[in-house]
Amino acid sequence: MSNTGGSAPAKLAIEVKGLHKSFGDNEALRGVDLEVPEGTTCVLMGVSGSGKSVLMKHIMGLLKPDRGSVRVNGEEVARMDEAALNQMRRQQGILFQANALFDSLNVYDNVAFPLRERTRMSEGEIRQTVDKTLAMVGLSHATTRFPGELSGGMQKRVGFARAAILQPKILLYDDPTAGLDPLTTASVNEIIFTGKQQLGATSLVITPDVATAFGMADHLALMHEGRVVEYGPPDSFRESQHPAVKAFLHNWLRRRSQKGRAAATG
Ligand SMILES: Nc1ncnc2c1ncn2[C@@H]1O[C@H](COP(=O)(O)OP(=O)(O)OP(=O)(O)O)[C@@H](O)[C@H]1O
């Protein structure tokens, strides 16, 4: 993106510089640099063990860097005290593989939970907010159902509604489509798009699903051996000459065509 037209540079929601983290003698992160401008969707890819989740945990303030810095909305995460960390986490909506819904609460109460825990809203205000959020994810009809009575895709949507109810500025997704069938995967992708369109949130998404990644990302990042080795919009990422990117895309295409052949013969 050129900045010669005099427009102000985009504000960064997430800024990671020279981030290092080891566990014993396992160097999980070896100097990660990553910038995610406000309101954009960045998809992190990379083979298993390349450091994607460890990076995300630093952005959530769950791990402390050995070296380097992680800033969220301009604030250095490692310098935050407990109160500041809580404040930051309030502004982050988190959707992981497991939906972590409360099985004993119905859809309405699951989604209302963060409002009851973290705000002083009246029950009337809570109802209005929950109704609006459930409408956003197409679940107005399911308020009295319990998680066990919902399909995988519906559970994901409830999980998203709960993550989105406090109107987070940043949405973090760690492999939200793991183990899901193609239809449910498509509904998760819609959810991520909704987060961007309706909340204007910045999203950081880890997914092994390359087709999904290309469809939703403003920027793609490839992690390789503890570093971000390529970062850019889908078109330039696709043309990357970095050997790790070429190998990653090549492997994905090969797996996809193997799957296609297996489906055709099976
Ligand atoms: N709490 C921990 N203690 C020790 N080692 C860890 C811990 N968390 C992660 N690691 C190690 O750090 C490296 C990076 O792990 P990470 O979970 O970030 O990989 P990943 O790219 O997210 O992989 P996957 O796609 O399989 O989830 C791995 O070698 C992992 O074993």
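Modeller: Two strands pair if DSSP finds at least two bridges between them; helices (H or I, at least four residues) and strands (E, at least two) are DSSP runs numbered from the N terminus. The model is predicted, so local features need pLDDT of at least 70 and side-chain atom pairs count only at pLDDT 80 or more, while totals for chains, interfaces and linings use all residues. Residues are numbered from 1 along each chain as its sequence is written.

Biologist: Which residue in S10 stands opposite Ala221?

Modeller: Strand S9 (residues 219–224) runs antiparallel to strand S10 (residues 227–232), and 5 bridges join them. The two form a hairpin with 2 residues between them, where Glu225 in the turn has a positive phi of about 50°. Opposite Ala221 in this pairing stands Tyr231.

Biologist: Which element gives the largest share of the shell around the ligand?

Modeller: A residue belongs to the shell if its C-beta atom, placed from the backbone, lies within 6 Å of the ligand; Phe23, Gly46 and Lys52 are among them. Strand S2 (26–37) and helix H1 (52–59) are the elements that give two or more residues. The largest share, 3 residues, comes from H1.

Biologist: Which helix gives the largest share of the largest nonpolar core?

Modeller: Such a core is a set of buried Ala, Val, Leu, Ile, Met, Phe, Trp, Tyr and Cys residues joined through C-beta atoms within 7 Å, buried meaning that 20 or more other C-beta atoms lie within 10 Å of a residue's own. The largest has 59 residues, and Ala161 is one of those with the most contacts inside it. The largest share of this core, 6 residues, comes from helix H5.

Technical notes. Buried ≥ 20, exposed ≤ 12 C-beta atoms within 10 Å, placed from the backbone.
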